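Colleague: Got a minute to go through this one with me? Put it up and I'll ask as we go.

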Amino acid sequence: MTGFFLGCDGGGTKTDLVVVTGAGRLAAFLRAPSTYYPADPRGTDLVGEVLDEAVPAVCSQAGIGPGDIRFAFFGLPGYGEVRADVPRLDANKEDPALRLV
């Protein structure tokens, strides 16, 4: 399989991101601030703020741009805990600024 894959493991104290090649080789790792939005006054905007900075940074470490990512996988802390927030978090995938492919 060709291309690059982005993995994001959000947590209450930190968010880890990796870029992996289609051959399964780790191309880059980045530790970013937490994306745990329920405890933050910015609410769901926190998720976008952290990822807006972290995704291009981890891609740069891998020597690629965000447009080179074939698939991305996100685990976000608190996702689904507040039902009213789910549509807003899901809508971010439609935001051209966050579109990876």
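Colleague: What does Leu-51 touch, not counting residues up to four places away in sequence?

Modeller: Cys-8, Leu-17, Pro-56 and Phe-74. Keep in mind that this is a predicted model.

Colleague: Where is Leu-51, and is Leu-51 buried or exposed?

Modeller: Leu-51 sits in helix H1. Its relative accessible area is 10%, and buried means under 20%, so Leu-51 counts as buried.

Colleague: And how far apart are the C-alpha atoms of Leu-51 and Leu-17?

Modeller: They are separated by 9.5 Å, and the two residues are 34 residues apart along the chain.

Colleague: What does H1 do at Leu-51?

Modeller: H1 bends there, by about 25°.

Colleague: What span should H1 have, and what does the model give?

Modeller: H1 has 17 residues, so at 1.5 Å a residue it should span 24 Å. The end C-alpha atoms are 25 Å apart, which agrees.

Colleague: Which residues of H1 are buried?

Modeller: Leu-46, Val-47, Gly-48, Val-50, Leu-51, Ala-54, Val-55, Val-58 and Cys-59.

Colleague: Take Ala-54. What is Ala-54 in contact with, leaving aside its neighbours within four places in sequence?

Modeller: Leu-17, Leu-30 and Ala-32. The C-alpha atoms of Ala-54 and Ala-32 are 6.4 Å apart, with their positions 22 residues apart along the chain. Ala-54 has a relative accessible area of 4%, so it is buried.

Colleague: What comes just after H1?

Modeller: Gly-63 is just after H1, and it takes a positive phi of about 80°.

Colleague: Changing topic: which residues touch the most other members of the largest nonpolar core?

Modeller: Leu-6, Leu-17, Val-19 and Val-58, out of 21 residues in that core. Strand E1 (4–10), strand E2 (15–21), strand E3 (26–32) and H1 each give two or more residues to this core. H1 gives the largest share, eight residues.

Colleague: You mentioned E3. How exposed is Phe-29?

Modeller: Phe-29 lies in strand E3. Its relative accessible area is 38%, and the partly exposed class runs between 20% and 50%, so Phe-29 is partly exposed.

Colleague: What is Phe-29 in contact with, leaving aside its neighbours within four places in sequence?

Modeller: Asp-16, Leu-17, Val-18, Val-58 and Gln-61. Phe-29 and Val-58 are 29 residues apart in sequence, and their C-alpha atoms are 6.4 Å apart in space.

Colleague: Now the cysteines. How many disulfides does a search of the whole structure find?

Modeller: Zero.

Colleague: Are Cys-8 and Cys-59 buried or exposed?

Modeller: Cys-8 is at 5% relative accessibility, so it counts as buried. Cys-59 is at 0%, so it counts as buried too.

Colleague: Back to the whole chain. What order do the elements run in, from the N terminus on?

Modeller: The order is β-β-β-α-β-α. That comes to two helices and four strands.

Colleague: What percentage of the residues in the chain is buried?

Modeller: Buried residues make up 39% of the 101 residues.

Colleague: And how much area does the chain expose?

Modeller: About 5800 Å², with carbon and sulfur atoms supplying 55% of it.

Colleague: Last one. Of the contacts with a separation of 6 or more, what share comes from residues 24 or more positions apart?

Modeller: They account for 49% of those contacts in the chain.

Technical notes:
Residues numbered from 1 in each chain as written. Predicted model: local features only at pLDDT ≥ 70, side-chain atom pairs only at ≥ 80, totals over all residues. Heavy atoms only, no water. Disulfide = S-S within 2.5 Å. Buried < 20%, exposed > 50% of the residue type's maximum accessible area, 1.4 Å probe, protein only. Contact = heavy atoms within 4.5 Å. Areas by Shrake-Rupley, 256 points an atom, 1.4 Å probe, with all protein chains shown as cover. Core = buried A, V, L, I, M, F, W, Y, C linked by side-chain atoms within 4.5 Å. Expected span 1.5 Å × (residues − 1). Bend = angle between axes of the 7 residues up to and from the residue.
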